[in-house]
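Student: I should like to take a close look at a single part of this structure, namely its largest cavity. Could you please describe it and the elements around it?

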Amino acid sequence: MSEKTFASQGDLEAKQVSFEQLSDSAWAYTAEGDPNTGIVIGDDAVMIIDATATPVMAQDVIRHVRQVTDKPIRYVTLTHYHAVRVLGASGYRSEGLRQIFASQDTYDLIVERGQQDMDSEIGRFPRLFKAVESIPGLTWPTITFKGELTLWMGKLEVKLMQLGRGHTKGDTVVWLPQQKILFSGDLVEADAACYTGDAYLADWPATLDRLAALGPAKLVPGRGPALHTPERVQAGLAYTRDFVSTLYSSAQEAVTQGKDLKATMAHVRGKMDPKFASVFIYEHCLPFDVTRAHDEAQGIRDPRIWTAQRDQEMWHALQQ
């Protein structure tokens with residue numbers, strides 16, 4: 001059997017962008033399983049939630065925003081530290097950017113592993129880093145918070161909330177309580193694999209419980225289509241719970257049986273493939289997912305840092 005192309009280096013096909021209105025204040029920029037961006041339009045300013053991977057790619061988000069408002073884009077919120085979400089932030093400076101929000105845990109992760117993550121992600125998924133040379137360096141938050149931060153964009157209440165670990169240690173959601181609209185970042189996915197290479201798999205289901213307790217009527221996931229009804233939101237939460245729970249429980253079974261990483265991969269595939277093999281970026285994510293699940297099941301509480309070299313070593317070791 002020939003070895004698969006590393007990660008998503010072979011994924012070169014452009015995706016169709018959708019720009020959907022959820023309310024007078026909320027929009028979703030989605031693209032067939034590529035990372036989503038949220039837009040919140042307040043009385044006098046705009047917030048972008050997740051900034052895309054490069055400043056040049058941010059220009060397409062700006063072009064869509066300018067079709068519906070001419071208000072300045074004063075705020076960018078980072079749901080977590082991953083390069084594909086944050087490195088485009090500088091593209092909004094020309095639009096009036098004043099503040100970049102993130103949790104303190106996200107800031108700490110950028111300090112600890114931001115450069116390694118940047119180098120790693122660019123190698124994994126080149127298509128998502130169009131005009132990579134336009135990135136000026138790491139994106140640094142200008143305001144950090146612990147737990148919760150409330151911002152009033154005129155009469156619109158915007159809550160930035162850290163409700164628990166899941167996709168990363170620093171996961172932040174953006175909640176519009178007056179409209180019951182939630183921007184979940186990669187804590188929730190729809191029709192796409194969950195990337196869990198930096199995850200806390202044992203914690204993730206309880207964090208999903210806290211998201212569900214908010215009672216969102218609409219939700220913009222990290223990847224996949226916007227969820228426009230409470231029923232779709234519940235389905236997205238259930239899908240994400242099933243993905244991470246099946247992954248972790250099957251890795252725990254493998255570790256209990258003394259399986260090494262490669263044997264664990266085969267065991268996990270037996271449980272995961274029948275349910276998830278057809279969703280976006282599944283083959284990209286699974287080797288990273290299984291590696292982290294195998295670590296956590298062995299008691300390695302905090303995710304190890306991914307480097308470009310570690311990526312390649314892991315990938316080739318798991319190929320048949």
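Tutor: A cavity is here a set of grid points where a 1.4 Å probe fits but cannot get out, and its volume is the space filled by probe spheres set on those points. Please bear in mind that the model is a predicted one. The structure holds 4 cavities of 30 Å³ or more, and the volume of the largest is about 240 Å³.

Let us turn to the walls of this space. The lining of the largest cavity consists of 22 residues. Those that lie nearest its centre are Val84, Glu121, Tyr195, Arg223 and His284. By character, the lining divides into 9 nonpolar, 8 charged and 5 polar residues. Two or more lining residues come from each of helix H2 (83–86), H3 and helix H7 (282–297). The most is given by H3, with 4 residues.

Helix H3 also leads us to the sheet. This helix, residues 104–124, packs on the sheet and touches strand E6 (99–103) and E7. The direction of H3 makes about 95° with that of E6. The sheet itself is open and has 7 strands with mixed pairing, in the order E1-E2-E3-E4-E5-E6-E7. At its edges stand strand E1 (18–21) and strand E7 (143–145), each of which pairs on one side only. From one strand to the next, the twist averages 20°. Thus H3 contributes to the lining of the largest cavity and also touches E7, an edge strand of the sheet.

Key
Residues numbered from 1 in each chain as written. Predicted model: local features only at pLDDT ≥ 70, side-chain atom pairs only at ≥ 80, totals over all residues. Heavy atoms only, no water. Pairing = 2+ DSSP bridges. Axes fitted to C-alpha atoms, helices over the stretch in contact; angles between N-to-C directions. Contact = heavy atoms within 4.5 Å. 1 Å grid on protein atoms, 1.4 Å probe; cavity = no way out; pocket = protein on both sides within 12 Å on 5 of 7 lines; lining within 4 Å. Nonpolar A, V, L, I, M, F, W, Y, C, P; charged D, E, K, R; others polar.
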